[in-house]
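Work through the exercises below with the sequence and the model at hand. Each task is followed by a solution in steps.

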Amino acid sequence: MTLAIAYSEQMKGYDFGPGHPFRSDRYTRFMDLLREKVESSKFEVVDPRHATDEELLLVHHRVYIEFLQTESKGVWLPDNRFLSPDTPLQPGMEKAAKLIVGATLTAAEIVWKGRFAHAVGVGGGLHHAKRSYGAGFCIYNDVAVCVRNLTENHGLERILVIDTDAHAGDGTCQIFYQDPRVLFIDIHQDPRTLYPGTGFAHEIGEGEGLGFTVNIPLPPGASDDAYEYVIDEIFAPLAEEFAPQIIIRNGGSDPHFADELTDLGLTLKGLRMVVAKVGEVAERVCNGKVVDLIGSGYNQAVLPFGWLALVSGLAKLDLQLVEPFLFSLRTDHRLAETREIVKAVKDNLKPCWRCFAK
Ligand SMILES: [Zn+2]
């Protein structure tokens, strides 16, 4: 057994209500498909714990946590400075969010301690949450809490976070912007064309963290070949030079070409390729230690297949991936523009990294 899936049915409480693009049936639809397509001997579902307040406090402010806990009881406070209107807290959500953060923590601990070669945190990658502000369907930033748990409680000194969600991970970016222990590489749709409107190539960290934030904004329609180019040209050499102790990848199916909130161009094969490539690099630099966090996706028909494609890339499962929609773009769509962006990203980072100094 090499693959752990940190998941609990209680995650269904992380649901923004009717009409919202983020509903919790995503978790059960994925788990149903996983159980249908993958032999039960190939994976183990691991029951996650709830993150504790102490763990949340590694990233979030106490006043914010208390606000969420009060509102989650259905006591609506008059002054809501803490949540964006796109992230309407529902009763009971805070507890479910702690379970999702707990699943991420559980997955990371499993991988770090070597209990399983691969671990997936279902629902993870809530990368828009800031220290004291919930936005973009994210109230706690599980990625950041997980990183801080590894540095503060497990003594890690170098962690690489690769965010392949279609949206820029503005919360994660902000939290680690000055921290050289965390190399944050974020591949996303051009922020001029998509929420949250940040994540430009010139945003590369500051102070001691200068060079440890890497934003790669891709043009709408960026295809499988464009992603492969970015991973080979930016992610792989940086990972080799940084030599992380563990890699955390986050992002669900929203870079898929049929996603309803975004305009990128990955296919199911492309989603699998991205994770498989991250895994290959991890084999070379950190004994294959990868934690995979899968939560986003806004085309209901694609979502479970997209998540399965990601998992199959991580655990090298031999699955046939059948697109639920016909694909008409060329697989090298927007590759030429992507090459230009990669060049600009490397130029910005030249003073910070030997691999780009040539
Ligand atoms: Zn997203």
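The exercises that follow concern a predicted model.

**Exercise 1. Helices α3 and α4**

Determine how α3 and α4 are oriented to each other, and which residues meet.

Step 1. Locate the helices: α3 covers residues 62-72 and α4 covers residues 93-112.

Step 2. Take the geometry of the pair: the packing angle is about 125°, and the axes are 7 Å apart.

Step 3. Classify the angle. Roughly perpendicular pairs run from 65 to 115 degrees and roughly antiparallel ones lie over 145; α3 and α4 are therefore oblique to each other.

Step 4. List the contact: from α3 come Leu68, Gln69 and Ser72, and they meet Met93, Glu94 and Lys95 of α4. By class, the residues of this contact are two nonpolar, two polar and two charged.

**Exercise 2. Helices α7 and α8**

Determine the orientation of α7 and α8, the hand of their crossing and the make-up of their contact.

Step 1. Helix α7 spans residues 224-242 and helix α8 spans residues 268-285; their axes cross at roughly 15° and come within 10 Å.

Step 2. Angles under 35 degrees count as roughly parallel, so α7 is roughly parallel to α8.

Step 3. The crossing of α7 past α8 is right-handed.

Step 4. On the α7 side the contact is made by Asp224, Tyr227, Glu228, Ile231, Phe235, Ala236, Ala239 and Glu240. On the α8 side the residues are Lys269, Gly270, Met273, Val274, Lys277, Val281 and Val285.

Step 5. Sorted by class, the contact of α7 with α8 has nine nonpolar residues, one polar and five charged.

**Exercise 3. The nonpolar core**

Find which residues have the most contacts inside the largest nonpolar core, and which element gives the most to this core.

Step 1. The largest nonpolar core has 107 residues, and Ala107 and Ile248 have the most contacts inside it.

Step 2. The element that gives the most to this core is α4, with 12 residues.

Step 3. Follow the contacts of Ile248, leaving aside its neighbours within four places in sequence: they are Ala108, Val143, Cys146, Val147, Ile159, Val161, Val291 and Leu293.

Step 4. As background, nonpolar side chains in soluble globular proteins tend to be buried together.

**Exercise 4. The loop between β5 and β6**

Place Gly209 and Pro196, and describe the surroundings of Gly209.

Step 1. Strand β5 is 182-189 and strand β6 is 213-218; Gly209 is in the loop between them. Pro196 is also in the loop between β5 and β6.

Step 2. The peptide bond from Tyr195 to Pro196 is cis, with omega near 5°.

Step 3. Gly209 counts as partly exposed because it has 18 C-beta neighbours inside 10 Å.

Step 4. Not counting residues up to four places away in sequence, Gly209 touches Phe176, Tyr177, Gln178, Asp179 and Pro180.

Step 5. Between Gly209 and Glu340 there is a separation of 131 residues in sequence, and their C-alpha atoms are 25 Å apart.

**Exercise 5. Positive phi between α9 and α10**

Are Lys316 and Arg334 buried or partly exposed?

Step 1. Helix α9 is 303-315 and helix α10 is 335-349, with Lys316 in the loop between them. Arg334 is in the loop between α9 and α10.

Step 2. Although it is not a glycine, Lys316 has a positive phi of about 50°. Arg334, not a glycine either, has a positive phi of about 65°.

Step 3. Apply the cut-off of 20 or more other C-beta atoms within 10 Å for a buried residue. Lys316 has 15 and is partly exposed, while Arg334 has 20 and is buried.

Terms used
Residues numbered from 1 in each chain as written. Predicted model: local features only at pLDDT ≥ 70, side-chain atom pairs only at ≥ 80, totals over all residues. Axes fitted to C-alpha atoms, helices over the stretch in contact; angles between N-to-C directions. Helix = DSSP H or I, 4+ residues; strand = E, 2+ residues; numbered from the N terminus. Contact = placed C-beta atoms within 7 Å. Nonpolar A, V, L, I, M, F, W, Y, C, P; charged D, E, K, R; others polar. Buried ≥ 20, exposed ≤ 12 C-beta atoms within 10 Å, placed from the backbone. Left-handed = near helix turned anticlockwise from the far one by under 90°. Core = buried A, V, L, I, M, F, W, Y, C linked by C-beta atoms within 7 Å.
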